[in-house]
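This report goes through one protein chain, with attention to strands, packing and backbone geometry. The sequence and the structure come first.

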Amino acid sequence: MDVSVSLLLCWFVTAYPELVRGSRSDSHRKVLEYDDAGNVADISQVPASSFYPAYQLEALSWDNVNATLDRRRLTAQLCGRNASDQLFSNGSFSFRIAAFEGTSRDMELPRLLHTANSSRLEFLIDGVAPRGNRSRFALELFTLEGLGARPELRLHHSIDDEYTPSIFQMDQLVALGENGSTIASFLQWKPVAYTSQHPSLANSMPTRHYGLQPGRNHSLPAFSIAYAFYGAPLPGGPRLAAMNISFGGPGRALYEPGRHISWSALIGHGEPPQERFSVLVVVIMTVALGLPVLLLLLGGVTVCIIHRRQTTTLYQPVN
């Protein structure tokens, strides 16, 4: 379960300052903010001069996770802010983590399907003051893989948007085993975020991912928790890759009005949960497709009966 555990470890590395005392590289552990003057919502089309200095997550002050740890619900929240920065006077970056005991679906949008082999990770920007009137944000994710695993990005399309209205796509980052046919772990999300604490279709916004970016400039902090899982030194050396996810769509509303963004993903090992039609949708589709066929059959039978009777009346009985 290389990608899933490694992603979770990297999240804790970025969000838990007690575990990060080494590297201060600008290449990772950050939230990006940029001036979207053209309202294109695409960081690959924005000039470098439009980016504000990135928020380095390890530089923030993080609340004690024990204060939000709920052992009964299996949830916790990591909340970070910069007390000396006026931009954080009433704002914060947060990570909400939830584990599950069985198969179910979230009550709130995007209503991801989870299992006991997966955990939900939610990233929130709440109340952080933008540094411009046309600001948008992006989050940098990191994957750390062991030997033998090969990451692959997959996009799944569906005709069903029952659980997440207007969203017909599921994005997945999976770790394939050595034979390439089995999935060891996954990161799964829908390309949508929300601009309100009460997610709904009205306050949804699209997201965009930009593919994996392996590079030699990526490095782990000297005291990273990843070493506790993989061992130090890491066998064969760590294989790190970055992936950016930006929030917002071209021509859509900017960050400023609500000053809130929430984005959810599932991290797990084994095969990712597969979306299926609910019983209600199956019944509706059956009725919608079956009723016209039934009407055609009944109409055909009725026409045949009428035609047969008309043909019979053309002949007079012989005395």
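The text below covers confidence, two groups of paired strands, one arginine, the nonpolar cores and some backbone details.

## Confidence

The model is predicted. The protein chain has an average pLDDT of 80, and 76% of the residues score at least 70. Among the elements of the chain, helix α1 (residues 2-15) has the lowest mean pLDDT, 43, while strand β13 (residues 192-194) has the highest, 96. Residues 1-28 have a pLDDT below 50, although this stretch makes 88 contacts in the model beyond near neighbours in sequence. Where pLDDT is low, the predicted coordinates should not be read in detail.

## Strand β1 and its partners

Is strand β1 (30-35) enclosed by the rest of the structure or open? Six of the six residues of β1 are buried, so the strand is largely enclosed by the rest of the structure. Its residues point two ways: K30, L32 and Y34 to one side, V31, E33 and D35 to the other, and all are buried.

β1 runs antiparallel to β2 (55-56), joined to it by two bridges; there V31 has Y55 as its bridge partner. With β9 (residues 135-145) the strand is also antiparallel, this time over five bridges. In that pairing, E33 is the bridge partner of F137.

## R136

R136 lies in strand β9. With a relative accessible area of 2%, R136 is buried, the cut-off for that term being under 20%. What does the side chain of R136 make a polar contact with? The partner is the side chain of D36, at 2.6 Å. In addition, a polar atom of the R136 side chain lies 3.2 Å from the backbone oxygen of A253.

Leaving aside neighbours within four places in sequence, the contacts of R136 include L32, E33, Y34, D36, N39 and A41, and also F247, G248, G249, R252, A253 and L254. Of these contacts of R136, E33 is paired with F137 across the bridges between β1 and β9.

## Strands β10, β11 and β12

Seven of the eight residues of strand β11 (residues 169-176) are buried, so the strand is largely enclosed by the rest of the structure. β11 pairs with strand β10 (residues 150-157) in the antiparallel sense, over eight bridges, and R150 stands opposite L176 in this pairing. β11 also pairs with strand β12 (residues 183-189), again antiparallel, over six bridges. Here A175 stands opposite S185. The hairpin of β11 and β12 has six residues between the strands, and G180 in this hairpin takes a positive phi near 80 degrees.

## Nonpolar cores

In soluble globular proteins, nonpolar side chains tend to be buried together. Which residues of the largest nonpolar core touch the most other members? Of its 34 residues, these are V31, F93, F123, I125, F247 and W263. Two or more residues each come from β4 (75-81), β5 (92-99), β8 (118-126), β9, β12, β16 and β17. The largest share, four residues, comes from β17.

Beyond its neighbours within four places in sequence, I125 is in contact with V31, S92, F93, F137, Y255, R259, H260 and I261. A second, separate core has nine residues, among them A98, M170, I183 and L266.

## Backbone details in loops

Two residues that are not glycine have a positive phi, and they are listed here with their loops and accessibility.

| Residue | Phi | Loop | Relative accessibility |
|---|---|---|---|
| N39 | about 55 degrees | between β1 (30-35) and β2 (55-56) | 26%, partly exposed |
| R259 | near 50 degrees | between β16 (239-247) and β17 (260-269) | 31%, partly exposed |

Each of the two also appears in a contact list above: N39 is in contact with R136, and R259 with I125.

A cis peptide bond joins L109 and P110, with omega about 10 degrees. P110 is found in the loop between β6 (104-105) and β7 (113-114).

Notes: Residues are numbered from 1 along each chain as its sequence is written. Side-chain values use heavy atoms; hydrogens and water are left out. Buried means under 20% relative accessible area, exposed over 50%, partly exposed in between (1.4 Å probe, protein chains only). Two strands pair if DSSP finds at least two bridges between them. A polar contact is a pair of N or O atoms within 3.5 Å; within protein, one must be able to donate a hydrogen and the other to accept it, and residues adjacent in sequence count only if both atoms are side-chain atoms. Contact means heavy atoms within 4.5 Å. A nonpolar core is a set of buried Ala, Val, Leu, Ile, Met, Phe, Trp, Tyr and Cys residues joined through side-chain atoms within 4.5 Å. pLDDT is the predictor's confidence in each residue, from 0 to 100.
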